[in-house]
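Open the model in your viewer and switch on the cartoon. We will go from one residue outwards, selecting a little more at each stop.

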Amino acid sequence: MIRQLNVYEAAQRRLKVIFDYFDYVYVSFSGGKDSGVLLNMCIEYIRRNKPQRKLGVFHLDYEVQYSQTTEYVKKMCDQNRDILEVYHCCIPFKVATCTSMHQSYWRPWEDSRREIWVRQKPEGCYSAADFDFFNDDLWDYDFQLLFAPWLIRQKKCQRVCCLVGIRTQESFNRWRSIHSSKNYQRLSNYKWTHRLTKHVYNAYPIYDWKVEDVWTINGKKQWPYNSLYDLYYQAGIPLGRQRVASPFISPALSMLWVYRAIDPDTWGKMIGRVNGVNFAGMYGHTMGMGWKSIQCPPDFSWKDYMYFLLGTLPEAMRQNYLNKLRVSQRFWRERGGCLSDDTIRRLSEAGVAFSFGEKSAYRTDKKTVKMEYIDDMDIPEFKELPTYKRMCICILKNDHACKYMGFAQTKQEKERREEVMQKYKSLEYGKK
């Protein structure tokens, strides 16, 4: 009888595939539990099987992070200097923020804000001047794409792989990114790899791990980990919500208040660094910023409330939301969205006017439904419907991209993304 591999053994086999095929391998290391386990595993694998190899460590330092994370990153890199090549990047790229109604992004390590930096740059870090592709229009995710071809040129190698510690248990989007059969090219049909360009891949060796697996291996191997998680545990925060991430993005707002309790020195500097942090820290997990069950004010419809909220915003932000709304209204009116039979039945029972559109090009059994925006509808599929309440939630969350409304990239954003990818390809082949 063939014994099934446990997740650690399966990850070891994946690492062998990676280190046998690629000329250079680096780990995207945030200082969190998942990337920490992945880095420890790679260090162990190299010391045991590939002592002649070097391992790259790519750390994007966002300036604002728990002091425990800063200490852990430094500890891991210092203890393994003999086999690690550390790319500790302190770059003033654009980073999304949902703490403010006045701005949609901020810049860590911005020279003009040096006097209010949360901390000073670490010694030996990489700055913007070290990367010939950097410009002020780059977002953090663009920088990550352009880093790989830059690294190919620096190392003069052919095949590069970035190891990323994501697990499908964390979210449906992560599950879909691994298991989708139509969006990605892979290395030899390994579903845990994604080809970015001809010579650059991402790989996810621990994609099938559970959070319990992470802490089990840390305990068995006595691997070092971020002590922040001990403080999370003592604060009563569930395992599923213990994450290390940029503190100002929408998923992190409900946990922003924890900085004040766990790392008060950092918190004191944060509130003067990025607009709206103190307010988001107090109300980021309440109805005041679109969390929990928000209520419409008396004598207001959700549509009225939406326009009231828009009236409190700066002109640029107001126009951003209005443009998103117009695009969404036109989409539902002219093309329609995909809804299940149960949702369609509930719309009909509620007397909502709709019509059926053409069959969707997506692989789905749902039907295409055209309809106008409605105020609200109390059904389980609320997030699938075009309602003014959802727009109000976006505004309250400072969700400038309207991800809660299901928005993908705009035409302008796609064009900018395509420009970045073209530069990515030219850099890969040594062109400037």
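Start by selecting Leu 163 and showing its neighbors. Leaving aside residues up to four places away in sequence, Leu 163 touches Leu 15, Ile 18, Val 25, Tyr 26, Val 27, Ser 28, Leu 38, Cys 42, Ala 203 and Pro 205. Keep in mind that this is a predicted model.

Next, color the largest nonpolar core, a set of 88 residues. Leu 163 is one of the two residues with the most contacts inside this core, and Leu 55 is the other. Now add helix α2, residues 33-49: with eight residues, helix α2 gives the most to this core. In soluble globular proteins, nonpolar side chains tend to be buried together.

Back to the strands. Select β1 (residues 24-28) together with β6 (residues 160-164), a parallel pair joined over five bridges. Which residue of β6 stands opposite Val 27? You have met this one already: Leu 163.

Widen the selection to the whole sheet. Six strands make up this open, mixed sheet, and you can walk across in the order β3-β2-β1-β6-β8-β7. At the edges, β3 (84-89) and β7 (193-197) each pair on one side only. From one strand to the next, the twist averages 25°.

Then bring in helix α1, residues 7-21. This helix lies across β1, β2 (55-60), β6 and β8 (200-203), and runs at about 155° to β6.

For the last stop, select Tyr 305, Tyr 373, Met 377 and Cys 392. These four are among the 34 residues of a second, separate core.

Technical notes. Residues numbered from 1 in each chain as written. Predicted model: local features only at pLDDT ≥ 70, side-chain atom pairs only at ≥ 80, totals over all residues. Heavy atoms only, no water. Pairing = 2+ DSSP bridges. Helix = DSSP H or I, 4+ residues; strand = E, 2+ residues; numbered from the N terminus. Axes fitted to C-alpha atoms, helices over the stretch in contact; angles between N-to-C directions. Contact = heavy atoms within 4.5 Å. Core = buried A, V, L, I, M, F, W, Y, C linked by side-chain atoms within 4.5 Å. Buried < 20%, exposed > 50% of the residue type's maximum accessible area, 1.4 Å probe, protein only.
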